[in-house]
Amino acid sequence: MTTETVTTSIDHVLEETRHFAPDPAFRERAHIKSREEYERLYRESVEQPEAFWARMAEELAWFKKWDRVLNDDTPPFYKWFEGGKINASYNCLDRHLDTWRKNKAAIIWEGEPYGERRMVTYRELQRQVCKFANVLKNLGVKPGDRVAIYLPMIPELAVAMLACARIGAVHSIIFGGFSVNALIDRINDAEATVVVTADGGYRRGEIVELKKAVDEALLKCPTVRNVVTVERTKKPVSMVHGRDLLWSELMDTVSDVCPAEELDSEHPLYILYTSGSTGKPKGILHSTAGYLLGTYLTSKYVFDLREEDTYWCTADIGWVTGHSYIIYGILSNGATTVMYEGAPNFPTPDQFWQICERYSVNVFYTAPTAIRAFSKWGEGWPARNDLSSLRLLGTVGEPINPEAWMWYYQHIGQQNCPIVDTWWQTETGAIMITTLPGVMEMKPGSAGLPFFGVQPRIVDEEGNEVPEGQSGLLVITHPWPSMLRTLYGDPERFKEVYWSKFEKQGWYFTGDGAYKDKDGYYMIIGRIDDVINVSGHRLGTMEVESALVSHPIVSEAAVVGYPHEIKGQGICAFVSVPVGTTPKEEDKEKLREHVAKEIGAIAKPDQIRFTDALPKTRSGKIMRRLLRDIAEGRDATGDTSTLEDFTVLARLREEQET
Ligand code: WT7
């Protein structure tokens, strides 16, 4: 590969000129072997999408073939592969059982307590999934019912989600780092009838009491009939008679045979909540066939995945990355997926590299925030381990700064591995823009070119395409199989959030700003709405603000993001207190803890600034733009003529200095 030496640090806004050609050796054995092949397939995928997707869909296992590839009669409610019957769990498990893969590892699991390891073969995973599917059936769970899953990163999480998929129940996985209130909102919105949790999970040697959080949440969740608790830590938990059941006891008494339900292509597969700029979290709803096809195909081509690969995505299954690229996309390809329960730096900063060496990981997928942390801890840590099995690296979650890209390329990939930067969203279900490995030149910091069937465009507010090099709004002009189908229970909000901005044109609005370079590569700038991207996860400013305001010492709060060395964006909270009260320095920590308790540690503000008033327009809207300037330490620039009280800004700046 051609490598240039890094001499200066390059700012994100400057044009990145380094580029890296694909390695001919990689290309020779890649699924897609040339740029021409990509171009040909891409052209077909956009010119004759139905023929293209029909051919691709042949690679999945169907109980009954579809009648119609795309139903676009009632946009934006698109339907894919109508008339078809399929099951995601069957595609991830059963179809491997009459091949050599039946007794190979489906999941290699590494626990946080040192030395705890499990290998689960495809056949064994299928048996466990059948059993838990029978458990759910015995609890009265029917196709379409919602099951909330609140578990640490243990194999039972994979078992529970695939068991839901097997019987057509809709899983709603709630990240184990979320706390009681987040749990309440999500369980109630989905009207879940069963919750699957654990007595606890390990985090840096401590036990996170998941069951206790569920108990507290259920005081406010009337729809839940049963709680199934996995005994992970063996720490005693309280059990409500008639409601609470133990995983091990239930699993002991059921059969390990449970045929996969023959479900309609459009049968809902799961709900996953994600933050929006306003209101409660949005329940992104994915359906079966299209989602499975999207994750299957992108796993195959973007990660150049083969059945003999050991693949590791370091995300938590509580986020979409884990859904698509730990479970559905990877298992449907018959590869081996690594699952790790612990933190990257506990007890030592080379946990990830030890695991890569221990299992000879071939493909490794992580987030820029993690890469920045590794680079800070130093290249000595990866250097202690043998990383020669790696042949491809990936990144996701936020734009990767070129320095982090270079560090990843040099110290993890040892200049031998292509890096695939993958742009996508919870809503898109699967990777949308990327640099196909072995085929496309890589440019640090650039997401790359559209995947098959994806038709992006960068436009201004009116929908006019902006010239090359100029930034605009990123839209997707045509439907794709793994797209979200709706927001659970709220089709109006679905239309409003994603489709109203370019209603006339019928385009999907991503909420991201982007620009295209001279080679047509997409550079993603970030969110244009009030959503903060903390460590690759979207957090709505609204949610953090509501959490702050729920504390008695707070009267009003405004939250903005600012650049953060490791996390990408940090959270800065401007907090006003009732007139006549004086907040103390230690109140800041109290508020940070309060937010952690309300939402989860991920939402803890990095900075709290007390103020007696927030900058508002005359109509009472908080002027976040000005707060952003202050959080970033800049002089407030731009138009302040709509500001109601000019002295507020000066007072806010003073607060910053104290
Ligand atoms: C938002 C989606 C999709 C999995 C993880 C996050 C940002 C995501 C990239 C990338 C630049 C990226 C976008 C997007 N984003 N990947 N490779 N380059 N930005 O899922 O929580 O739904 O967030 O993350 O802003 O809209 P999510």
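Two helices count as roughly perpendicular when the angle between their axes is 65 to 115 degrees. This tour of a predicted model begins with a pair of helices to which that cut-off applies.

**First stop: helices H10 and H11**

Select residues 288–302, which form helix H10, and residues 320–332, which form helix H11. The axes of these two helices come within 8 Å and cross at roughly 85°. H10 and H11 are therefore roughly perpendicular to each other.

Next, display the side chains where the helices meet. On H10, select Tyr291, Leu292, Thr295, Tyr296, Thr298 and Ser299. On H11, the residues in contact are His323, Ser324, Tyr325, Tyr328, Gly329, Ile330 and Ser332. Which classes of residue make up the contact of H10 with H11? Colouring by class shows six nonpolar and seven polar residues, with no charged residues.

**Second stop: the two domains**

Now select residues 116–274, assigned as domain 1, and give residues 530–657, assigned as domain 2, another colour. The C-alpha centres of domain 1 and domain 2 are 36 Å apart. Nine residues from domain 1 and eight residues from domain 2 take part in the contact.

How much area do domain 1 and domain 2 bury between them? The value is about 570 Å², of which 36% lies on carbon and sulfur atoms. To see the main contributors on the domain 1 side, select Ser179, Asn181 and Thr274. These residues supply 55% of the area that domain 1 buries against domain 2, more than any other three residues.

**Last stop: charges across the interface**

Keep both domains in view and look for salt bridges between them. Across the interface of domain 1 and domain 2, zero salt bridges are found.

Conventions: Residues numbered from 1 in each chain as written. Predicted model: local features only at pLDDT ≥ 70, side-chain atom pairs only at ≥ 80, totals over all residues. Heavy atoms only, no water. Axes fitted to C-alpha atoms, helices over the stretch in contact; angles between N-to-C directions. Helix = DSSP H or I, 4+ residues; strand = E, 2+ residues; numbered from the N terminus. Parallel < 35°, antiparallel > 145°, perpendicular 65-115°, else oblique. Contact = heavy atoms within 4.5 Å. Nonpolar A, V, L, I, M, F, W, Y, C, P; charged D, E, K, R; others polar. Domains from an automatic or database assignment. Buried area = accessible area lost by both parts, 1.4 Å probe. Salt bridge = Lys/Arg side-chain N within 4 Å of Asp/Glu carboxyl O.
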